[in-house]
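This report describes selected features of one protein structure. Please consult the sequence and the structure while reading.

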Amino acid sequence: MDNRLPVRDPAQVVLLAGPTASGKSALALDLAERQGRAVVNADALQVYDGWRILTARPGQDDLARAPHRLYGHVDHRAAYSVGDWLREVAPLLQMRPAPVIVGGTGLYFRALLDGLADIPPTDPAIRAEAGERLARQGLAAMVAGLDPQTRARLDVLKPVRVQRAWEVLRQTGRGLASWQDETGPPLLPPGDAACFVLNPPREALNARIDHRFDLMLDLGAWEEARAMEPGWDPARQSSRAIGAAELIAALRGEMPKDEAVFMAKQATRQYAKRQRTWIRNKMAAWQRFFVEN
């Protein structure tokens, strides 16, 4: 089996998705190096400048082999949305050779191929108000404050999505559903891209996850966590890096280190399971690609 993406036209944008630790970054880098492409990030956590090791951002050797874009360029204390990513990726689509866009954030790919409502960015004061209200009144109260159309469409068990919908209504006076109904055309129509997805068998992927996490520890993940700990805020988007909360808890003496490692690996496997579900439900038309180990 040839472990190279079968793409011959350097003018065609390539999209490569897959669960964490599936090997997609190495595959994208191989294509970029062979065809002179840039590698563009489509991972919502790799955009941040913190947690370089724990989010598996490309290392110096990889950066030297091909240009990389949208990696580690956002302050880890800042918010960053799908809309922000779309605005930054738009000019990169014009590069020639065309880029290979790789990552595990399904919403980024969906917005790129299907379009995204042009909702104004949330004012920081409103975001703070929303966070305080959610903490004080609870999720059910925030759900009750949404407009009926948005409430009917939303996964109301997910606080992040409920808070975002509340913020949109509070800032614009219009429900999130109303904005979504005015979604503009996609930046990249599906027929204009070569779309591939890696989805290894569960057992093989879980083994890769465990091995990679051990490698992260060897590369300095504990030291990285120690550097991030003084300003740690679990409410930040960047703090969702898988394993970050567990390593911070261990450094603060809230759990043994071996337990933190076990729980971080378990959290990574659970995250990969959610990614595989997204792939199965949202990427059925993408070409499956299998890497021979």
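## Two helices that cross

Angles of 65 to 115 degrees between axes count as roughly perpendicular. The model described here is a predicted one. In this model, helix α11 spans residues 221–228 and helix α12 spans residues 244–251. The two helices pack at an angle of about 75 degrees, and α11 and α12 are therefore roughly perpendicular to each other. Their axes lie 9 Å apart.

Which residues form the contact between α11 and α12? On the side of α11 they are A221, W222, A225 and R226, and these meet L247, I248, A250 and L251 of α12. By character, the residues of this contact comprise 7 nonpolar, no polar and 1 charged.

## The nonpolar cores

The largest nonpolar core of the model contains 30 residues. Within this core, L15, W85, I101, L112 and W286 have the most contacts. Two strands and three helices each supply at least two of its residues: β1 (13–17) and β5 (193–198), together with α3 (82–89), α4 (106–114) and α13 (257–282). Helix α4 gives the most to the core, namely 5 residues.

The surroundings of I101 may be examined in detail. When residues up to four places away in sequence are not counted, I101 touches V13, V14, L15 and L16. I101 also touches V40, A42, W85, V89, L93, F109 and L112. A second core, separate from the largest one, has 22 residues and includes I53, W222, W232 and A250. Two of these residues, W222 and A250, also take part in the contact between α11 and α12.

## The position of H68

H68 is located in strand β3, which covers residues 68–69. Is this residue buried or exposed? Its relative accessibility is 16%; because buried means under 20%, H68 counts as buried.

The side chain of H68 reaches the backbone oxygen of A66 at 2.7 Å. If neighbours within four places in sequence are left aside, H68 is in contact with L29, V39, P58, D62 and L63.

## The position of D84

D84 belongs to helix α3, one of the elements that supply at least two residues of the largest core. The relative accessibility of D84 is 24%, so this residue counts as partly exposed.

How far apart are D84 and R240 in sequence and in space? They are separated by 156 residues in sequence, and their C-alpha atoms are 18 Å apart in space.

How values were computed
Residues numbered from 1 in each chain as written. Predicted model: local features only at pLDDT ≥ 70, side-chain atom pairs only at ≥ 80, totals over all residues. Heavy atoms only, no water. Helix = DSSP H or I, 4+ residues; strand = E, 2+ residues; numbered from the N terminus. Buried < 20%, exposed > 50% of the residue type's maximum accessible area, 1.4 Å probe, protein only. Polar contact = N/O pair within 3.5 Å; in protein donor to acceptor, adjacent residues only side chain to side chain. Contact = heavy atoms within 4.5 Å. Core = buried A, V, L, I, M, F, W, Y, C linked by side-chain atoms within 4.5 Å. Axes fitted to C-alpha atoms, helices over the stretch in contact; angles between N-to-C directions. Parallel < 35°, antiparallel > 145°, perpendicular 65-115°, else oblique. Nonpolar A, V, L, I, M, F, W, Y, C, P; charged D, E, K, R; others polar.
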